[in-house]
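Biologist: I'm new to reading models like this one. Could you give me a close look at the topic of cavities, and at what lines them, in one connected answer?

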Amino acid sequence: MRIAIDHRTRYRFTEPQARIVQLMRLTPNDTQDQTVVSWMVGVDCDARLRDGVDGFGNAITMLYAEGPIDAIDVTVTGEVLTNDSSGIVRGAPEPLPPMLYLRPTPRTMPGAALIAFAADSAGATDDMLERVHRLNAALHARFPCLPDAPDTGTSAAEAFAGEAATSRDVAQMFIAGARSLSVPARYVSGYQIDDGAHIAPHAWAEAYVDRIGWIGFDPVTGLSPDAGYVRVAVGLDAAGAASIAGTRIGYGEEELDVDLHVDRLGGEE
């Protein structure tokens, strides 16, 4: 499938900023089932951009801009070719051992209720693949039709106890639940084909199963990612795979506006 992405992030400040430094995880890697045909990250101000790779193997772009800055627009445009791999991740950069992804973070602390939910959903089977599939389906049944939305800093336990959640929240719930079952799991940020405009990138999770490797699970659909997904960045939690993170020197408030379109282009499978 050929997928076109147009992702624009606009920052507005109530007072001019003296300096802005941002780490941007906005560029997907090539894998066996994902090929980046074209990709461009741009800004609308005088800034220095430096490309690199972080410790998780994500492609990153560092942005350094000197003020005074009243506003800054970050634009991402590109095309990606994808294949359906039944959720199995093949050929992605893997600098870290799977066991690292058993490490808890404040955002993925499960709490007693989520631990019990994961154990109940997994049931008595010893098949780890079946256990994480059951966890994925159970989270989808409990939290259907979740939107993509900006990160609010909610933990997995807090979101599980609440009545409303986002794709980011339920991905972290899956991670916390899988780790409670002794299955390495990680957060994934990327894009998914859907009708209309988006206000944030999509989020899902991956779990490591022996003799298979990393497999994607999307609790929003209850299924594994298909060719309609573009995988961009991974991390221990939502903060570790955030599309844009950084600091600013200056007073005042920050306003954020995101305009995201993910479209399938005709004629390619």
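Modeller: Happy to! One term comes up again and again below: a strand is a DSSP run of E with at least two residues, and strands are numbered from the N terminus. Please also keep in mind that this is a predicted model.

Let's begin with the idea behind the search. Rolling a probe the size of a water molecule over the atoms shows where empty space is left. Over the whole structure, the search turns up two cavities of 30 Å³ or more. The largest cavity holds about 240 Å³ of space. Its lining is made up of 19 residues, and Q34, S85, I88, P225 and R231 are the closest to its centre. Two elements give two or more residues to this lining, namely β6 (202-209) and β8 (229-235). Of the elements, β8 gives the most, with three residues. What kinds of residue line the largest cavity? Seven are nonpolar, seven are polar and five are charged.

One lining residue, I88, leads us to another place worth a look, because I88 is among the residues that I215 touches, and touching here means heavy atoms within 4.5 Å. I215 sits in strand β7 (residues 213-217). Is I215 buried or exposed? I215 counts as buried because its relative accessible area is 4%, and the cut-off for buried is under 20%. Setting aside residues up to four places away in sequence, I215 also touches S86, G87, L129, A205, E206, A207, V209 and S224. For a sense of distance, compare sequence and space for I215 and P104: they are 111 residues apart along the chain, and their C-alpha atoms lie 19 Å apart.

Now set the cavity beside the largest pocket, which is open rather than closed off. The pocket has a volume of about 460 Å³. Its lining has 23 residues, with Y11, I244, A245, E254 and L256 nearest its centre. Strands β1 (2-27), β9 (244-249) and β10 (254-265) each give two or more residues to that lining. Here β1 gives the most, with seven residues. By class, the pocket lining has 13 nonpolar, six polar and four charged residues.

A last stop is D169, in helix α4 (residues 167-180). D169 is buried, yet has no salt bridge. The nearest side chain of opposite charge, R107, is 5.4 Å away, and a salt bridge calls for a distance within 4 Å. Apart from neighbours within four places in sequence, D169 is in contact with T154 and A159.

Notes:
Residues numbered from 1 in each chain as written. Predicted model: local features only at pLDDT ≥ 70, side-chain atom pairs only at ≥ 80, totals over all residues. Heavy atoms only, no water. Helix = DSSP H or I, 4+ residues; strand = E, 2+ residues; numbered from the N terminus. Buried < 20%, exposed > 50% of the residue type's maximum accessible area, 1.4 Å probe, protein only. Lys, Arg positive; Asp, Glu negative; His and termini not counted. 1 Å grid on protein atoms, 1.4 Å probe; cavity = no way out; pocket = protein on both sides within 12 Å on 5 of 7 lines; lining within 4 Å. Points joined across faces, edges and corners; volume = space filled by probe spheres on them. Nonpolar A, V, L, I, M, F, W, Y, C, P; charged D, E, K, R; others polar.
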